[in-house]
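Please look through the two chains shown below and keep the display open while reading. The report that comes after it is meant to be followed alongside the coordinates.

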Amino acid sequence: MDTTKRRFSVRRLLAGVMGAGLIAAATPALAQAPAAGTNLIETIRNRGQLICGVSTGLAGFSAPDSQGRWTGFDVDYCRAVAVAIFGTDQNRVRFVATTAQARFTALQSGEVDMLARNTTWTLSRDTSLGLDFPATSFYDGQGFMVKRSLGVTSARQLDGATVCVQPGTTTEQNLTDWARANRVTIRPVVIERQEDNTAAYNAGRCDAYTTDASGLAAVRSTLQNPNDHIILPEIISKEPLGPLVRHGDQRFADLVRWTHFALIAAEELNLTSANVEAAATGDQRPEVARMLGRSGDLGQMLGVDNRWVVNLIKVMGNYGEVFNRNLTPLGLQRGPNALWTTAGGLQYAPPFR
Amino acid sequence: MSQTTSDPRYGLKPPKRPMRISWSDERFRGIVWQVVVVAIVAAIFWWLWSNTVRNLEVRRIASGWGFLGREAGLPIAESVIPYDPTNTYLRALTVGVLNTLKVAIIGVVLATVLGTVLGVLRLSKNWLVSRFVGAYVEVVRDLPLLLQLLFWYAVLQGLPGPRQAVNPATGVFLSNRGLKLPWFEWLDAHSWALLACVIGIVLTLIWRKKALARQMADGQPRRVWPVALLLCIGAPLAVWAAQGAPFSPDIPYLRGFNFQGGLTVSPEFFALLVGLTLYTAGFICEIVRAGILAVHQGQWEAAGALGLPRGRIMRLVVLPQALRVIIPPMTSQFLNLTKNSSLAVAIGYQDIVSIANTTLNQTGQAIEGIAAIMLVYLTISLSISLFMNWYNTRIALVER
């Protein structure tokens with residue numbers, strides 16, 4: 001009796017100790033996977049695909065089409081980085097849908113390699129999240145959408161109005177800042193999922209819907225009768241949207257940054273998906289020769305193939321092509337996203353040398 | 001029966017002998033193993049903690065509770081205490097806790113009342129009534145709560161807009177912006193009257209205890225309700241009247257986009273409350289039914305043989321025994337309702353989870369934000385458990 005009892009308890013203890021040891025042995029591997037100092041480009045290449053965090057569904061930016069294929073402006077940025085790393089294959093991306101609230105944690109924890117998820121670049125996000133904004137892919141600003149039948153023509157007439165807004169975004173803070181500055185009382189309705197938020201606005205729970213102007217155009221295009229809704233002229237904030245990477249792996253950050261600049265520079269130099277192959281051998285301009293890898297080793301400096309820009313532009317097109325493919329159908333103008341060199345916009349690429 | 005009749009052998013203890021520092025001593029072995037296990041557990045926790053701190057530092061992710069004092073800047077639709085976006089995160093989180101408590105407390109009360117009534121109806125001899133309640137229980141228990149919440153929210157959104165609001169009585173408006181009710185301006189006199197009411201309830205409880213003690217002594221039942229009426233209603237009214245009986249009504253009216261003034265029940269709060277109440281009442285109904293069925297038929301018959309009327313049999317004999325079966329599972333239901341209120345995020349009611357999520361998103365301090373949510377739910381749940389366990393001990397069968 002005594003011995004069986006003792007053996008039993010000892011065995012149980014040993015099992016417990018071994019279990020604890022296993023956990024202790026397994027967790028460092030998990031915890032240190034995304035640690036600083038590792039070469040993420042190499043990790044992605046070995047894995048065979050880039051893991052990219054996108055929004056849960058915003059027409060024009062990231063939304064699955066009828067075949068379940070992700071399309072949109074942000075999605076194309078993910079694909080562009082994948083093309084830069086892998087050469088010609090734009091399908092070496094796994095898309096992870098993230099809500100506004102879960103996006104930063106997903107990137108911090110290493111669940112995704114990068115975010116391309118209409119995220120506003122702010123000082124506090126840049127400094128306190130352990131993340132970096134490599135570039136501004138889209139210059140945006142916050143606006144309001146109302147039902148045409150309300151007869152409202154300016155945001156200043158919204159005193160006392162109920163406004164639908166998504167939580168955990170700069171949109172929320174801009175709304176309160178703007179209301180305070182203009183002495184306007186706003187009643188917020190704060191619903192987490194963008195689809196539920198739109199549904200609440202559509203059902204009349206809110207008088208107005210607020211988000212970035214590009215988002216408004218996207219949401220408006222998905223409503224049953226887009227013409228029953230108008231976007232008010234006031235833009236109440238600056239929203240520089242762009243991809244996000246983890247702080248610490250500067251080589252990957254450089255690659256994402258210069259992928260964006262390559263798209264811009266290609267448009268500046270009139271390189272398109274149609275003519276880039278010919279330009280790679282025929283174009284005599286020195287910058288084109290450097291950019292497309294005929295001379296110099298700019299690609300190798302970034303840790304990718306020297307002909308990466310040729311592949312990139314051939315598959316994705318230049319910035320203008322990406323914009324026209326995804327955002328022009330929503331009725332969005334280039335506006336501040338026009339090229340500085342030709343149209344006086346804000347998009348501008350540093351020299352490729 | 002008294003203590004002296006218990007088995008004298010229970011008092012015997014094995015003889016004490018000194019512990020030897022030897023592996024063959026069972027007590028020594030026991031202590032060694034326990035020290036080893038505690039050390040391993042402590043090491044795991046220390047490792048988790050230091051690993052987290054180190055990784056946060058390496059990635060330059062902000063940590064600490066300093067953000068609580070910063071300006072929140074987040075909009076909150078409804079709040080029990082005054083709140084402005086210029087207030088701190090601490091105040092915003094407090095608003096969230098109070099919103100959670102508001103829906104949990106009202107929900108627990110309503111679910112208990114509704115569940116008990118349904119539980120009794122379920123045992124009704126009327127075939128239609130008992131089957132109807134049975135069908136209700138099956139439907140609400142078998143559908144996910146989130147789905148029910150979205151359903152109720154969608155139903156409320158189907159109401160007409162504020163300009164076409166349903167207006168059944170003066171100052172009462174029902175629209176997709178919620179229910180608007182006439183209210184009155186809260187003045188100091190009302191606070192004093194409320195205080196008098198609370199004191200009245202306490203005094204009534206003391207009076208009831210005394211009355212029961214005297215009934216035990218002389219067998220004469222004493223009426224409690226006239227005293228209760230006087231102390232809980234009469235005294236507060238007198239206090240209010242003594243201060244000049246101030247009353248200024250606050251009737252809602254439509255101006256611009258929305259209604260101004262009056263008392264608002266928002267669609268978000270209402271949908272959450274209705275969803276939680278109906279869902280939990282389904283479970284409570286079954287618990288009450290089981291509790292009543294657990295009391296043996298003989299108890300009814302024995303009490304009837306003593307000449308007690310049916311109402312008193314229920315109140316004095318059956319219910320006290322049924323409660324012993326009902327209380328423990330009921331505690332779980334109260335805890336469930338409180339925790340389920342976190343589904344509020346989906347329909348835009350700003351409870352603690354919603355506000356803490358926004359906070360952790362704006363400050364980037366996920367660990368602190370999640371810790372705050374855990375702390376709040378742990379505190380609320382432990383308080384409910386403590387109270388219910390105390391109540392359970394109080395009504396438990398006193399064994400002699």
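What follows goes through the domains, a sheet with its covering helix, two local features and the contact between the chains.

The model is a predicted one, and local features are described only where pLDDT is at least 70. Chain A holds 15 helices and 13 strands, and of its 353 residues 48% count as buried. Contacts that bridge long stretches of sequence are frequent in chain A: among those between residues at least 6 apart in sequence, 72% join residues at least 24 apart.

**Domains**

In both chains the domain assignment gives two domains, and the table sets out their bounds together with the separation of their centres, taken over C-alpha atoms.

| Chain | Domain 1 (residues) | Domain 2 (residues) | Separation of centres |
|---|---|---|---|
| Chain A | 40-139 + 240-343 | 142-237 | 29 Å |
| Chain B | 23-58 | 89-185 + 248-395 | 43 Å |

In chain A the contact between the two domains takes 17 residues from domain 1 and 16 residues from domain 2. The residues on the domain 1 side of this contact in chain A divide into 8 nonpolar, 9 polar and no charged.

**A mixed sheet in chain A**

Five strands of chain A form an open sheet, arranged in the order β10-β9-β11-β8-β12, and the pairing within the sheet is mixed. Its edge strands are β10 (187-190) and β12 (229-231) of chain A, each of which pairs on one side only. When direction is ignored, neighbouring strands of this sheet are turned against each other by 30 degrees on average. At one edge, strand β9 of chain A, residues 162-165, pairs with β10(A) in the parallel sense over 4 bridges, and A:Cys164 has A:Val189 in β10(A) as its bridge partner. Helix α8 of chain A, which covers residues 213-222, lies across β8 (142-147), β11 (208-212) and β12 of chain A, and runs at about 125 degrees to β11(A).

**A covered helix and a hairpin**

Helix α9 of chain A, residues 250-268, has 19 residues and reaches 26 Å from its first C-alpha to its last, which is close to the 27 Å expected at 1.5 Å a residue. This helix, α9(A), is mostly covered, with 15 of its 19 residues buried. Just after α9(A), A:Asn270 takes a positive phi of about 60 degrees.

A positive phi also appears in chain B, at B:Gly171, where the value is near 80 degrees. B:Gly171 belongs to the hairpin of β1(B) and β2(B), which has 2 residues between the strands. Strand β1 of chain B (residues 166-169) and strand β2 of chain B (residues 172-175) pair in the antiparallel sense over 2 bridges, and B:Ala169 has B:Val172 in β2(B) as its bridge partner.

**The contact between the chains**

How many residues of chain B are in contact with chain A? The contact involves 38 residues of chain B and 43 residues of chain A. On the chain B side, the elements that give two or more residues are α1 (26-58) and α10 (352-363) of chain B, and α1(B) gives the most, with 8 residues. By residue class, the side of chain B that touches chain A divides into 18 nonpolar, 17 polar and 3 charged.

Key
Residues numbered from 1 in each chain as written. Chains lettered and ligands numbered in written order. Predicted model: local features only at pLDDT ≥ 70, side-chain atom pairs only at ≥ 80, totals over all residues. Domains from an automatic or database assignment. Expected span 1.5 Å × (residues − 1). Buried ≥ 20, exposed ≤ 12 C-beta atoms within 10 Å, placed from the backbone. Pairing = 2+ DSSP bridges. Contact = placed C-beta atoms within 7 Å. Nonpolar A, V, L, I, M, F, W, Y, C, P; charged D, E, K, R; others polar. Axes fitted to C-alpha atoms, helices over the stretch in contact; angles between N-to-C directions.
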